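Dear colleague,

I am passing on to you the structure we spoke of, and below it you will find an account of what turned up when I went through it. Please read the two side by side.

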Amino acid sequence: MVTHPFHPLQGRELVVLFERHTRRGLWFVCEVDGQRRATLRQEWTDRGVPAAEQRLAVDGLAALREVTDAVLGRRSGTTQAGE
């Protein structure tokens, strides 16, 4: 079953034709309506880690802001002129 909340086939049960192992992970090649194939990452299915309901988590965005500020030489809580 496709579980990724933003995938067009979300909620559909598909037949897995075969698996493909790559350096980027496990992929399933599935049959859609007996006419075409779709390749899905394991994480986008019920065979992977459940997908988050939000596209980006707040904690992840906060961590990204910290890294960006550090790279640009800014301190938390302060702004530079023109921001």
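In strand β2, C30 is the bridge partner of V16, and that pair is a convenient place to enter the fold, although please keep in mind throughout that this is a predicted model. V16 belongs to a pairing in which strand β1, residues 15–22, runs antiparallel to strand β2, residues 25–32, with seven bridges joining the two. Further along the ladder, E19 stands opposite F28 of β2, and R20 stands opposite W27, again in β2. The connection from β1 to β2 is a hairpin that passes through two residues.

On its other side, β2 pairs with β3, once more in the antiparallel sense, over six bridges. W27 takes part here as well, since its bridge partner in β3 is R41. β2 and β3 also form a hairpin, this one with three residues between the strands, and D33 in the turn has a positive phi of about 55 degrees.

Taken together, the three strands form an open sheet in the order β1-β2-β3, with antiparallel pairing. β1 and β3 stand at the edges with a single partner strand each, so one side of each of them has no neighbour in the sheet. From one strand to the next, the twist averages 25 degrees.

As for the chain as a whole, the protein chain contains one helix and three strands, and from the N terminus on the elements run β-β-β-α. Of its 83 residues, 17% count as buried. The chain exposes about 6700 Å², of which carbon and sulfur atoms supply 50%. Among the contacts with a separation of 6 or more, 29% are accounted for by residues 24 or more positions apart.

The burial is worth following element by element. In β2, six of the eight residues are buried, so this strand is largely enclosed by the rest of the structure. In α1, by contrast, the number of buried residues is one out of 14, so the helix lies largely in the open.

The largest nonpolar core has nine residues in all, namely V2, L9, L14, L26, F28, C30, V32, A38 and L40. The elements that give two or more residues to this core are β2 and β3, the latter being residues 36–41. β2 gives the most, with four residues.

Within that core, F28 deserves a closer look on account of its contacts. Not counting residues up to four places away in sequence, F28 touches V16, F18 and E19, together with A38, T39, L40, Q42, T45 and R47.

Two of the residues that F28 touches, T39 and T45, can be set side by side. T39 lies in strand β3, and at 42% relative accessibility it counts as partly exposed. Leaving aside neighbours within four places in sequence, T39 is in contact with W27, F28, V29 and W44. The C-alpha atoms of T39 and W27 are separated by 6.5 Å, the two residues being twelve apart along the chain.

T45, for its part, is found in the loop between β3 and α1, and it is buried, with a relative accessible area of 6%. With neighbours within four places in sequence again left aside, T45 is in contact with M1, V2, T3, F28 and L40; of these, V2, F28 and L40 are members of the largest nonpolar core.

That leaves the helix itself. Helix α1 covers residues 58–71, a run of 14 residues, and reaches 20 Å from its first C-alpha to its last, which is close to the 20 Å expected at 1.5 Å a residue. Just after α1, G73 takes a positive phi of about 75 degrees.

If you have time for one part only, I would suggest beginning with β2, which pairs with β1 over seven bridges and with β3 over six, and which gives four residues to the largest nonpolar core.

With best regards

Note on methods. Residues are numbered from 1 along each chain as its sequence is written. This is a predicted model: local features need pLDDT of at least 70, side-chain atom pairs count only at pLDDT 80 or more; totals for chains, interfaces and linings use all residues. Side-chain values use heavy atoms; hydrogens and water are left out. The expected span of a helix is 1.5 Å times one less than its number of residues. Buried means under 20% relative accessible area, exposed over 50%, partly exposed in between (1.4 Å probe, protein chains only). Two strands pair if DSSP finds at least two bridges between them. A nonpolar core is a set of buried Ala, Val, Leu, Ile, Met, Phe, Trp, Tyr and Cys residues joined through side-chain atoms within 4.5 Å. Contact means heavy atoms within 4.5 Å. Axes are lines fitted to C-alpha atoms, for helices over the stretch in contact, and angles run from 0 to 180 degrees between N-to-C directions. Accessible areas come from the Shrake-Rupley method with a 1.4 Å probe; for residues, only the protein chains shown count as cover.
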